Structure formats: structure tokens, C-alpha cells
Amino acid sequence: MRCKVCGEEFDLEHFPFCPYCMTKPDVELGVVKKSFVHIEECFSSDGDDISLRLNKTNKDEFECLTNQEDQRADLEHTSFETLNQIEDSYEKVVEEDVEIKSPVDTYAEEAVERVLINTEISDVYPSSCKLFLEYCKNNDLVYMEDLSKEIFLGLQLVKGFGAKKVSNLEVIYEEFNQKELPEDGNAYGYEVENSRVYSVNEKLVSMEVDSLRLQGISLRTINDLKNHNLFTFKDLSTESIGHLETILKNSSFKEVVEIEDLLNKAPIHLFESVLSRMGTSDNYVALLYRAEGFTLQEIGDDLGKTRERVRQIVNKMQISLSGLAKCIIDEIKKHNDFIYLQEILDSFDNDDFGRILSYILKLDEEFDYLDFAEVFLVNAVEGESESNLFSVVSEIIGDGADLLRVFSDIEIELHNLKLDFLDLEDIKNMLIKHKYKVYGTFFLQKKTSYGYLAAQIIKEYFPNGIRLSQNDTVKEPDLSKLRELMLEKFEINNLPDSDRALSSRISEFLIISDRGYAIADANVVIDVSVMENIINRIDEYDGEKMFYTRLFAEFKGVLNMTSNVDNYHFLHGVLMHFYPDKYEYTRDYLIKEGKAEGKSGMVHESILIYIEDVGKPIHKDEIKRVFGFSDIMIYTAVSMDNRLIQWEHNYYNSANLVDSNEKEKQWLRELITTTLKTNDGYCSERMLYVLARNENEEFIVRNNINNPKNLYYIVAHYFEEYFEFRRPHICEIGRFTQLSTMDIALEILNRPEILSFNTFSELSKRLNWSPVTSGTVFQEIEKRYLRVSSDDYLKKESVFIDEEDMILVEASLLTKMNSGVLSLLGFDDWEELPEIGYQWNSFLLGSIIERFGIELKVIKPNMRDRRYQKGIVVNKESNLSTYPEVIASVLVANGMNDVSEGKLLSYLIVNGLTYKMIPKELYNCEAMKYKKGIFSIK
């Protein structure tokens with residue numbers, strides 16, 4: 001007889017139903033489907049409506065065979081294993097895209113006629129039953145309650161099992177099943193303490209009793225507890241042992257008593273116990289593989305299950321473990337609002353457990369995972385934090401900006417959004433994720449002309465203008481320097497070979513400053529009132545043409561005193577830049593006729609009056625909308641009129657709106673002075689803000705000072721003659737040679753020969769620098785120092801290694817390279833390296849190669865954890881320059897052009913190319929593409 005459901009053949013004379021799937025011969029395929037659907041609809045433990053989608057099949061087409069009461073009666077005499085086999089058979093006959101909202105096993109377990117004690121099969125059957133024990137292991141049969149008569153019936157058809165062997169196995173099962181209870185009704189001989197309450201770890205009290213299923217407690221026991229209003233561990237902790245005995249049968253009560261010691265453990269240890277108990281079961285393997293990034297298809301192929309069945313298993317496991325996962329986070333998180341992925345992974349000795357926990361949290365709606373920063377936000381709406389952050393950061397960057405220069409503005413927004421634990425690398429990764437183009441530290445929404453980027457270089461390194469070229473016979477030194485800086489800052493090396501072509505392109509983004517010279521707009525210094533007087537003179541002039549020479553001659557004196565506009569070419573350039581649409585410009589003169597007159601009047605006065613009329617800080621876009629002023633006009637007006645002050649990014653305020661009296665001004669000045677005396681002549685804006693708020697919160701609130709930046713601009717306006725200001729720094733005049741954060745830090749530390757990272761971190765905290773500022777500054781410091789240990793750095797000029805020793809070092813490393821790379825993570829073959837006067841370690845080795853490498857170079861991933869040397873050694877002649885390029889080259893060399901997330905993680909860890917996780921930069925890079933769990937080499 002061939003079963004119409006599973007397709008297997010069996011002898012109808014010996015078996016009244018199929019021993020493989022337990023289907024009666026007269027039951028048609030549709031009836032099986034109908035029955036399975038009806039079981040789910042009638043007996044789902046949670047009582048929710050069950051939705052079932054079948055490909056080309058509508059469950060309403062099936063007729064009911066029996067009423068609900070008859071089916072329940074049948075189920076009560078059907079083993080859990082039988083129903084599981086029916087479910088597996090059902091899966092075989094439906095399409096891959098069948099989606100089952102709730103499996104049948106909840107009610108099936110409840111319907112088992114006799115719940116056997118939570119005893120493992122291996123504890124009952126002797127080791128001589130090796131074949132049977134192996135069979136149970138392969139089929140996820142762990143406890144005696146998992147066995148049934150039907151299993152032994154079907155076992156006779158399994159290779160290696162004969163009727164006699166199965167009969168002996170069944171005898172052991174029956175003997176165990178028929179154990180009699182002692183006369184005292186206590187099956188296990190313990191003495192009941194009526195007064196002692198159930199003991200539970202206080203960090204587990206919020207967990208529901210349903211989670212006891214994770215420890216092997218039967219569903220019947222759990223339902224008995226819930227039927228007596230014991231829904232959580234907190235409820236259990238208030239019950240006496242004696243009362244629990246009256247609630248539960250002795251056999252079930254034994255289950256609860258036996259795990260009391262587990263529930264006294266810390267949540268993280270209980271989690272480890274739960275996962276360890278699962279061993280190598282299919283459920284555990286499916287969950288682990290999914291946490292590692294393997295696809296449903298890969299997991300299904302490995303376990304011999306459908307993709308849909310794997311999805312159901314993983315989903316059920318995630319729901320079951322989520323309560324315990326939240327308890328663990330409450331225990332191990334160091335902060336109230338967030339926890340880093342790395343902190344979770346480091347909490348377990350077994351990396352697999354950490355990956356499972358993090359995967360569970362990623363699916364939990366109570367956590368928002370910021371993948372670009374590898375951090376979980378607690379009690380946050382999924383996606384909302386990233387959306388809000390990206391919105392404000394993209395506004396600050398605008399058309400393009402150097403992230404280092406605008407990061408102080410971003411820090412304020414991070415604080416407002418309660419995300420001030422994010423650092424510069426996190427913001428970089430977020431922008432890259434959102435498809436921003438990166439040129440060194442310069443970010444733009446889309447690709448841009450190299451001329452625009454060159455203008456950024458010229459603004460910083462050529463403050464007085466750059467000499468352009470009109471011929472190719474002589475190389476201009478300024479343009480040669482520009483080429484070097486473009487490569488260094490923006491990694492651009494494909495500029496035109498012709499100086500004339502380069503000059504022509506970059507001049508579009510500059511202002512003419514003299515014959516053959518151009519300057520960046522930010523470096524133009526001119527009084528707006530003088531500029532407005534010049535415009536009025538042009539407009540009042542009766543002629544159509546106004547020559548630049550004549551105009552400059554009229555205003556030469558005042559221009560020399562108030563600006564850096566020192567020739568008529570420069571005046572031509574400034575006019576054309578400030579008022580591009582007001583006149584028609586030629587080489588020697590401008591033409592008035594046919595051009596819009598534009599708005600006249602004093603720019604800075606107009607802005608000041610408008611802000612004071614509104615009575616609060618105004619955004620730049622509103623000023624542009626009301627007056628039609630350009631960005632450069634607004635910027636120049638604010639910089640030249642000290643009554644106009646910056647307030648926040650793109651917001652401007654009037655100093656006249658600040659409500660302060662002379663006593664309060666004196667208080668602020670004394671507060672700064674005292675802080676400078678106690679901090680080596682230095683005060684940060686954050687230090688001042690915290691002190692001022694603590695001492696005079698009424699002043700802070702009255703003036704709507706919402707962050708350190710607001711207060712900084714107020715005191716900079718009041719006290720510019722008493723202190724040196726360069727945001728975010730306030731310093732004693734002459735105390736520091738340069739007011740960059742890096743130079744301030746090094747000077748306070750006396751520019752040490754050996755720099756300790758921990759010492760620097762302590763200084764940063766004392767000066768109230770944010771973690772972002774501290775991290776960014778230390779990245780700059782590392783360019784001047786070499787890391788020689790986990791904590792110490794040496795000045796580059798202090799470290800020396802003989803060339804012959806360097807050749808020996810590289811020769812040794814070359815022999816160890818595989819696929820053209822060598823990971824320094826875990827490298828320990830120090831005895832093969834020559835003595836160089838320093839104690840070898842992986843940090844020193846990486847630094848030595850970076851500094852003195854002849855044939856080799858080091859490439860590092862962007863990972864937060866600085867405890868480990870993550871560098872990868874490659875040949876200097878290779879075209880590899882980034883971590884993604886290194887990984888892509890290794891994968892190609894090993895024939896792995898398309899690889900799942902899980903397989904990539906395993907490969908990287910085994911080969912020392914990462915530590916515990918896939919570096920986030922691989923998900924958004926040029927070297928490979930990530931889509932739907934698959935990495936593909938481009």
C-alpha cells in the first residue's frame with residue numbers, strides 16, 4: 001500500500017495506518033489538509049484566529065469530517081509525535097510559500113494522555129541501546145515524554161531495527177511509564193515545606209511562566225499554574241511550596257522544584273543553561289545559523305527541512321527566548337538607553353550565545369538596532385532614531401561639508417536626540433549607508449566636480465588666494481601643492497595634467513582676487529556697509545557702464561582700511577560673487593541696463609531688525625526667503641556686525657535679545673576666569689555650560705540657552721577682548737600656540753614622548769570633552785605617534801628600526817601570508833622576529849610595518865573595539881587600500897564570489913580577518929554588494 005500523503009509504502013495487513021505519517025489509508029490528501037487546518041483553528045493555545053494561506057488551495061473548500069467535540073476526543077488519544085508527523089507530512093504536499101501563523105504543537109502537547117516525567121531518554125536506556133539513542137538524537141527525541149507507542153510501531157521499518165529489538169525497547173518504555181507512586185503520594189521522597197516560598201532571582205521576576213517550557217517543563221504543568229493565576233515568576237515567588245503541591249500533581253510539582261536552583265541564577269547564566277540544554281537539536285542549530293546570517297534555504301538544506309519550516313522554528317524560538325533576553329540586557333547594560341553589540345558578545349564565553357541573543361534583540365520591537373553604529377537602543381521606536389538623526393545631519397552637511405569641521409554642530413543634535421554616545425565613525429557609516437559620496441572626510445549627497453573640492457582645499461591652505469595658470473610651459477608651484485593636498489585629503493589623483501585646464505575648472509568655484517589669482521569666498525574680508533555703499537553708488541550712476549577701475553578708485557581708501565580687497569580685479573570678483581544677477585559683468589566693466597535692481601539697503605541692518613522684530617533666533621533659510629540674500633551675504637553680515645551672533649547651526653540671533661545685566665556679565669566673566677585657573681588656562685564650552693547652569697539656572701532658562709553652543713556665542717560676544725575664542729575652546733590669551741583640540745590636549749600633557757591613551761581619556765573627561773570629540777582628537781594624535789602596546793604610544797620620530805631588521809621582519813611575515821594577506825589578530829610567532837630593542841606585540845608589529853615597511857603595508861577595518869590589533873598585512877605593491885578590497889580579493893582567490901552572511905562570518909573568524917562580527921563597512925562598500933543576506937563581489 002502506498003500512502004497518499006507521504007508517498008511511503010507499507011503493509012496494510014500489519015499496519016491499520018501509515019507508520020510514517022500516521023494517516024489512515026481511506027483519508028484523502030484534502031482531508032489531511034482540512035484536518036490540520038481545523039486542529040489549528042480549534043485548539044490554538046492562545047485562542048487567536050489562525051490565518052492559513054495555501055497556494056491554489058482554499059481551506060473553505062474542504063468539508064468538516066466531524067464536529068469539534070469529536071475531534072477533541074480523537075486528539076486526546078493521539079500522541080504529540082503523531083501530530084508532529086502529520087504536520088511534517090502536511091508540509092511536504094504544500095508549496096514552498098505556505099505560511100502558517102501558528103503550529104499545532106501547543107494543543108497537541110496538552111492532549112498527551114500521560115505526561116511523563118522530565119527525564120532524559122539517555123538516563124533510562126542503557127548505553128547498549130546505542131542505535132536507538134542515536135536515532136532519538138537525530139530526531140530531536142530528548143526526554144521520555146517525547147516517546148510514544150506509535151514511534152516504536154514505525155521504528156520496525158527503520159534500517160537496523162527488528163521486531164525483537166523494538167519489542168525490548170518498548171518494554172523499557174512501558175516499565176518506566178507504569179511506575180507507581182509511594183503511599184505518601186510523593187513520587188520523589190522530598191519533604192514538603194508549607195512555609196517556604198518559591199525562590200526566584202529578582203531580575204527574573206518579570207518573566208512569564210510560559211518560559212518554563214525552555215527548561216523542559218510540560219505544557220500541562222504551565223497551564224495548571226496559569227489556571228491558578230500564577231502567570232509570572234513574581235507570582236511564583238509569593239507561593240509556598242505546600243500550596244504549589246495542592247495546585248500541581250506530584251509528577252508535575254517535581255518538574256518545578258527541580259529547576260528552582262536555575263531560576264536563582266543570574267539571567268545570563270540561565271540563558272546559557274537554556275541554550276546548553278538544547279545541545280545540537282535542530283531548533284538550536286536553526287536559530288544559531290539564522291543569527292549568524294545563513295539564509296533560510298541554506299539552513300533548510302542542512303537540516304533537511306523546508307524554508308518555511310525553518311522560518312517557523314526560528315520565529316518560535318525567538319518568541320520563547322525574548323523575555324529572558326530582555327532580563328539579560330537589564331542586567332548587563334551599562335547605560336539606561338543603549339547597549340553596544342560588542343558588549344553583548346563580550347558577555348558570553350561562548351560566542352554563539354552572544355550572537356543568538358543579539359539576533360533575538362534585533363527582532364524585538366522594544367529595541368531599535370542602529371546597524372551603522374552596532375548599538376541597540378532600549379525602548380525606542382524602530383527606525384525613528386535613525387530617521388531623525390539623518391534628517392538633522394543631512395541639513396548640517398547641506399550641499400557638502402568636511403565632517404571634522406561641522407561635527408561640533410552635529411554633537412549638539414546628538415545631545416538633543418539623546419544619541420551623544422555615537423562617534424564620528426558612526427556618523428560616517430550612517431552617511432555611507434544613505435549613499436553619500438565620500439572624499440576623505442568630506443561628504444556630499446552626490447558626486448561633485450573636483451573643482452568644488454579644490455575650492456575647499458584652497459579655502460584652508462591658500463587663505464590669500466592661489467595663483468592660476470594660463471599656459472602649460474611652466475608648472476605653477478601653487479597648483480603642484482594643490483595636487484598633493486587633493487590626493488592627501490580627498491584621495492583624488494586623476495586631476496588634469498594641464499595646469500591651464502585645472503585652473504579653468506577650479507576658477508568656477510573661486511572669486512577673482514587679482515590678475516591670475518583667485519580666492520575662496522570664505523576668505524574674503526569686507527565690511528557689508530562698505531559693500532552696500534558701493535552698490536548704491538552703482539545704482540545712482542547715470543551711465544549704463546561702470547568701470548571697475550573707476551569704482552575701485554572711489555572706494556580705495558575705505559576698502560584698504562576695512563577689507564582685503566586691494567585691486568579692481570578683486571572688486572570685480574566680489575561684486576560678481578555677491579550680486580550675480582544684479583548686473584551683467586564683462587572683463588573691464590559691468591552693465592546696469594536690463595538687469596533687476598535687486599534689494600537695496602544695509603544687509604546686516606535688515607537682518608538685525610528682522611530678528612529683533614521676531615524676538616527669537618531665525619534660520620538662514622527664512623532670511624533668504626524674506627530678503628533674497630545669498631549665503632555669502634548673510635555670512636559676511638554676521639561676521640562683520642558683532643550685534644549679530646551665531647546661535648546654532650544655520651540659526652542667527654541678535655545680541656540685543658540676550659537678557660542680562662552687568663552683574664550677570666561679571667558673574668560669567670569670573671566663572672570663566674576661575675575655570676581657566678584650575679584647568680591649565682583652558683575652558684571648554686561644555687564645562688562652562690554645566691557650571692553656569694548649576695550656579696544660575698534662571699539665567700539659562702530666561703535666555704532660552706538650550707546647549708553649550710548658545711552660551712559660547714554669548715560669552716564670545718561679551719568677552720572677546722579678555723579671552724581667546726575658537727569654538728568649542730575658551731582659553732587664556734597666549735596660553736596655547738594653536739587653538740586646535742589636538743594641540744591643546746598635547747600642550748596640557750606637555751607633549752609627552754610616551755603618550756598613554758588612558759591618561760588622555762582622563763584628561764578628556766576632566767575637560768568635559770564629549771566622547772565624540774575625544775575620539776576624533778585621538779585619531780589625529782595617532783597620526784603623530786606609533787602605538788607600541790595596548791595603552792602606550794611613542795612619538796614617530798623617537799622610533800627607529802634598522803633596515804636590515806625590517807627586511808628580516810618582512811621576510812618572516814611573507815612566508816606566513818595566505819591568499820596575499822596575513823592577519824595580525826592573534827599573531828604570536830614572536831620568536832621568529834629579530835630583536836629590535838622593543839618588546840614585540842601585535843600593536844608594535846603593525847606600527848613598525850606602517851612606519852618602516854619596505855614590501856608590506858597594513859590595512860585596518862573600521863571597528864570600535866581598540867583592545868585588539870585588527871590590522872591585515874598585504875603587499876605594498878598590491879592595489880589594495882581598504883578593508884573591503886582586502887576581503888573581496890581573498891574571497892575571489894578562494895572562489896567565493898557569492899557568499900551568505902553566515903558563511904562569510906565563519907570564514908572571516910576562522911582566518912582571523914575579524915573579531916566576532918562582520919565589520920559594518922562591508923555592508924556598504926564599492927568592493928562588494930550586500931543584498932538579502934548575500935555578499936557578492938562586484
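Guide: Welcome! A salt bridge here is a side-chain nitrogen of Lys or Arg within 4 Å of a carboxyl oxygen of Asp or Glu. Please keep in mind that this model is predicted.

Visitor: Thanks! Which residue forms a salt bridge with Glu-780?

Guide: Side chains of opposite charge can pair when their charged atoms come close. For Glu-780, the closest N and O atoms of the pair are 3.1 Å apart, and the cut-off is 4 Å. The partner in this salt bridge is Lys-783.

Visitor: Is Lys-783 buried or exposed?

Guide: Let's take the two partners in turn. Glu-780 has 28% relative accessibility and counts as partly exposed. For Lys-783 the relative accessibility is 54%, and the cut-off for exposed is over 50%. Lys-783 therefore counts as exposed.

Visitor: Which residues are joined into one network by salt bridges that share partners?

Guide: Here the bridges link up through shared partners into one network. Its members are Arg-735, Asp-743, Glu-747, Arg-751 and Arg-784.

Visitor: How many salt bridges does the structure hold?

Guide: The pair of Glu-780 and Lys-783 is one example of a salt bridge, and Glu-425 with Lys-428 is another. For the structure, the count of salt bridges is 42.

Visitor: How many residues apart in sequence are the parts that Lys-326 and Asp-364 tie together?

Guide: Lys-326 and Asp-364 form a salt bridge, with their closest N and O atoms 3.4 Å apart. Lys-326 belongs to helix H16 (residues 307-332), while Asp-364 sits in the loop between helix H18 (351-363) and strand S4 (367-370). Lys-326 is partly exposed at 23% relative accessibility, whereas Asp-364 is buried at 7%. The parts that this pair ties together lie 38 residues apart in sequence.

Visitor: And what separation along the helix do Glu-425 and Lys-428 have?

Guide: Their side chains meet in a salt bridge at 3.4 Å, N to O. Glu-425 counts as buried at 19% relative accessibility, and Lys-428 counts as buried at 15%. Both lie in helix H21 (residues 424-433), three residues apart, so their separation is about one helical turn.

Visitor: Turning to helix packing, how are H40 and H41 oriented to each other?

Guide: Two packed helices are described by the angle between their axes and the distance between the axes. The axes of H40 (residues 883-893) and H41 (residues 901-910) come within 12 Å and cross at roughly 95 degrees. Angles of 65 to 115 degrees fall in one class, and H40 and H41 are therefore roughly perpendicular.

Visitor: Which residues of H41 are met by residues of H40?

Guide: On the H40 side, the contact involves Tyr-883, Ile-887, Val-890 and Leu-891. The contact residues divide into seven nonpolar, no polar and no charged. Those on the H41 side are Leu-904, Tyr-907 and Leu-908.

Visitor: Now the backbone: which residue does a cis peptide bond join to Arg-727?

Guide: Omega of this bond is about 10 degrees. The partner is found in the loop between strand S19 (724-726) and strand S20 (729-731). The residue joined to Arg-727 is Pro-728.

Visitor: Is Asn-650 buried or exposed?

Guide: Asn-650 has a positive phi of about 70 degrees, although it is not a glycine, and its place is in the loop between strand S16 (644-648) and strand S17 (651-654). Its relative accessible area is 12%, and the cut-off for buried is under 20%. Asn-650 is therefore buried.

Technical notes. Residues numbered from 1 in each chain as written. Predicted model: local features only at pLDDT ≥ 70, side-chain atom pairs only at ≥ 80, totals over all residues. Heavy atoms only, no water. Axes fitted to C-alpha atoms, helices over the stretch in contact; angles between N-to-C directions. Helix = DSSP H or I, 4+ residues; strand = E, 2+ residues; numbered from the N terminus. Parallel < 35°, antiparallel > 145°, perpendicular 65-115°, else oblique. Contact = heavy atoms within 4.5 Å. Nonpolar A, V, L, I, M, F, W, Y, C, P; charged D, E, K, R; others polar. Buried < 20%, exposed > 50% of the residue type's maximum accessible area, 1.4 Å probe, protein only.
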